[in-house]
Each structure stands twice: as C-alpha cells, then as structure tokens.
Amino acid sequence: MSRAIKLTVNGDEYQLEVDPGWSLAYVLREKMGLTGTKTACGKGTCGSCTVLLAGKAIFACLKIVADCDGEDILTIEGLARGNQLHPIQQAFIDHSGFQCGFCTSGMIMATKPLLDHNPDPTDLEARATIAGHICRCGSYPKIVQSMLSAARQVRETQQGE
Amino acid sequence: MPMEYLSPRTLDEAVTLLQKYGDKAIPVAGGTFFMSHRDDLFTEVEVLVDIKKLGLDYIKTHVDGLAIGAVTSLASILKSATVNQGAYRVIHDGIGEIEIPEIRNMATLGGAVFMSTGDMPIAMLTVNARLAISGPGGSRTISLDEFYLGFLSTALGPGEIVTEIQVPIFPSRTGSAFAKFKRVAVDVPIVNAAARVTLSDNNRCSSVRIVLGGVADVPLRAEKAERLLADNDFSDEIITKAIATLDDLECQSDIRASGELRQRWAKAAVKRVLYQAGVRARGGD
C-alpha cells in the first residue's frame, strides 16, 4: 500500500507516492534522477549514500522513505549555487581528495555537518566523521586534507564577513 | 518486501497492530537494522510499525535515576551532559565508540539494545539498566540482565515493545568506562568491555560490574572477577587477580579474530576499563 509523502530536496518540493520498502536512496536516484548519491553497498556500511536530513548526516540507503514526510533533504546536487561550488567541493578539487570519485559525494556530504558544528576540527575529528566511509582507492589522506582545508576556507570566509 | 508502513499515534494502537500482524510485523524506529538486514534476517516481514510518533523520544532525570525513551537517537544521548558524568559515562563512551555520525543520527537506544553483539547492551548492563515494556498484557519492567536469550533473541513476548530504558542512581565515587577493539566502525566489535566501580572512602570496592561483549552471542558478565573485587581493596594486586579469572574464558572464533586473540583482547579491555573506572570514581578522568 503506497503512501503519499511531501519531500523537500535541495529546496524543491516533491509530492510522491512511495512504497513502504523503498529507501530514500532509491527514491533520490530512481525517481528523482539525483544520481550523485551512490549506493555502493546498499546496507549502510560504505558511506557512499550520505545525504543530509534536517541538516544531519544519514545513510540514505537505510532511511525508509515512507518515514520522510515533510522532511528537508540536501544531496550533493544541492551544494553548489549555480556555477559556484561549495567550499567543500572546491577544497576536494584543490587537494585532489578523490581518484575514482565514487565515495566522494558521501565524503563531501559528511563534511558539511562537521563544519556546520565544528569550524576548527582536528585531524582525528575529521577522521571520526568519515568512520563509516570507505574509499576503495585509498584517498583517505587527501580526503582528510580536503576536509581540513574546507574548514579553514569556511573560517576565513566567515572572519572576512 | 514490506507491504505496509504504519504510523500509530498511541502506544495502544501500536501494540494492537503488532498483535494483529504477529510474525509479519516488526516495530521500527531508526530502521537501520531492518534496512541493512531485510534480505537475510527479515524476509518474512510485511508490515513496518513506526514507533516514532508515540512520544518516546526523551531523556529524563528523576530522583532515582535516568529514564531514556526507547526512540531517543544515540546522537541526542551523546549530546547530553547528564549522561556524560559519573556512573553514566559508560553510556556516553559506548556511543562514542560507535563512531559513525550517520548511524548515531538514525539509530535509537531502544533499537541498539537489541543488538546483543553490539556496544549499547554492554554499556547498559554495566549500569543495571531496566527496560519498560508495553504489550497486550499491559506494562512491565524487566532487568536487562534477563533480556538476552541468544543472538537477536530476547525476553520480549509477542506484540511487546520496549518503551523506555531506565537506569538507577549510583553513589558518588562511582566511575565507569568503555573499551572496544574493532577492525572498522561499520562492523560489529571484535571485543568490547565496560566496567562500573563504586569505591568507598578508603579505596575499597563496594560495588562493581564488568561486562564483556564479542566473546559470545550475548553479553557476558565477568562474575568471577566481580566477586574477587567486591568488598576488597581496589588495588593493583586485586585487579590483576580479577583479570586472571578470565584466563580460562572461551571465546568465539570467526573471520574477525580467533578465540585466542579475543581472549587476550578481552583481558586487555577489562584491565583498561577497570583502571579507568577506578580513576574516574576517585574524581579523575
């Protein structure tokens, strides 16, 4: 029995009929065409599907979408403002924080709430943030460097304001 | 594949639904365990009963302890200053060891206590937790000591759900600590341990609990060690003897670690948590 829900994704409101068994990841990718969120494992053990729900990082593959009525979701596609990349995205480019790119949207989405709450994270805090993320290419050092650089960038921008 | 997702607004409604659908239904809160295991452990499930709209998300302090609503997220509990002090620190530290923010944001304490091979059962057993349960027969409470019957098998009856986790108050000079050996945060722990120690003014151990996880399908109380420590000086000598009681501990072997390695780590984990709990009981960190 499908359920009607209202979902805001990257600022756009959607009205959907969803099956009880569908995950948020499934709906984002297969129903909305937002394939930036990846489903490498589909069971919450790789981090490639991290999105933000009400500003908090969650694994979209584990989130029952029928439970998302009225929720506000941010995916990787929602980070940039037009052609202007978010500082986290820019930092990952500047510091080569990826190789194949498959884990990257998850890594970037996980970084956002860290910076929202902790403007000056330590190396260990950055690593703990991505404790649930696997990078099969082994880019972890560059990923952490990108995260910390993004933090610096955001701090400097805020200080300038 | 689930056919229904139902969101009851009252506890009675939830219990009625669970009773109605029997084995075909499960309660869900965070849903993380269900979603990650629906193809192996939950193939028979057709109905998901959402228990998040029943007002079970809270952390309350009473004169005789803490009451945590079953669907309170681990992230909320981690942020609580009340839970990060005295005897309760083991709860905070246990959640800290889960490490993954995404899981902590979604998972609830009520759900986490079901994972007999996870971290929260160990932490909660250390602080003598009780579960408040509601079901077709009404409400009852049960000590967590009696809850675990086997891997994913608990003392819950048909149609029953856990509504609250209750933790008593402990005397001052009580410290607690948590230790975990793991390969990666996304996997179950290889071995974890927690201890709660109450010290009298002359450094005698007046009360102690030591709980081990990962060595079997269910948490294990290190009872011989506890008996040695209780009513004794909390000294290096006694602690060493207490840890030696784990010499004949038989631990499970699996792809993560051999029984022998688990046994060594179990002893190291117990040593670490005993010392840290003792330091904290005396007012240190």
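Helix 3 (residues 104–117) and helix 5 (residues 140–160) of chain A pack at an angle of about 40°, with their axes 11 Å apart. Axes are lines fitted to C-alpha atoms, for helices over the stretch in contact, and angles run from 0 to 180 degrees between N-to-C directions. At that angle helix 3 of chain A is oblique to helix 5 of chain A; angles under 35 degrees count as roughly parallel, over 145 as roughly antiparallel, 65 to 115 as roughly perpendicular and the rest as oblique. Helices (H or I, at least four residues) and strands (E, at least two) are DSSP runs, numbered from the N terminus.

The model is predicted: local features need pLDDT of at least 70, side-chain atom pairs count only at pLDDT 80 or more, and totals for chains, interfaces and linings use all residues. Residues are numbered from 1 along each chain as its sequence is written, chains are lettered from A and ligands numbered from 1 in the order in which they are written, and side-chain values use heavy atoms, with hydrogens and water left out.

In the contact of helix 3 with helix 5 of chain A (heavy atoms within 4.5 Å), A:Met107, A:Thr111, A:Leu114 and A:Leu115 meet residues of helix 5 that include A:Tyr140, A:Ile143 and A:Met147. By class there are 9 nonpolar, 1 polar and no charged residues. Ala, Val, Leu, Ile, Met, Phe, Trp, Tyr, Cys and Pro count as nonpolar, Asp, Glu, Lys and Arg as charged, and the others, Gly among them, as polar.

Helix 2 (residues 87–94) of chain A packs on both of these helices.

| Pair in chain A | Angle | Axis distance |
|---|---|---|
| Helix 2 and helix 3 | about 130° | 10 Å |
| Helix 2 and helix 5 | about 135° | 8 Å |
| Helix 3 and helix 5 | about 40° | 11 Å |

Helix 2 and helix 5 of chain A are likewise oblique to each other. Their contact takes in A:Pro87, A:Ile88, A:Ala91 and A:Phe92 of helix 2, with A:Ser146 and A:Val154 among the partners in helix 5. This contact has 8 nonpolar, 3 polar and no charged residues.

Towards helix 3 of chain A, helix 2 presents A:Ile88, A:Gln89 and A:Phe92, which meet residues including A:Thr104, A:Ile108 and A:Lys112. Here the classes are 5 nonpolar, 3 polar and 1 charged.

Helix 3 of chain A also supplies at least two residues of the lining of the second largest pocket, as do strand 4 (56–59) and helix 4 (123–129) of chain A and helices 3 (74–79), 4 (89–98) and 5 (101–106) of chain B. Helix 5 of chain B gives the most, with 5 residues. The lining has 41 residues, of which A:Lys56, B:Ala75, B:Pro101, B:Arg104 and B:Asn105 lie nearest the pocket centre. They divide into 16 nonpolar, 10 polar and 15 charged. On a 1 Å grid over the protein atoms alone, where a 1.4 Å probe fits, a pocket is an open set of points with protein on both sides within 12 Å along at least five of seven lines, and lining residues have an atom within 4 Å of a point. The volume of this pocket is about 1300 Å³, a volume being the space filled by probe spheres set on the points, which are joined across faces, edges and corners.
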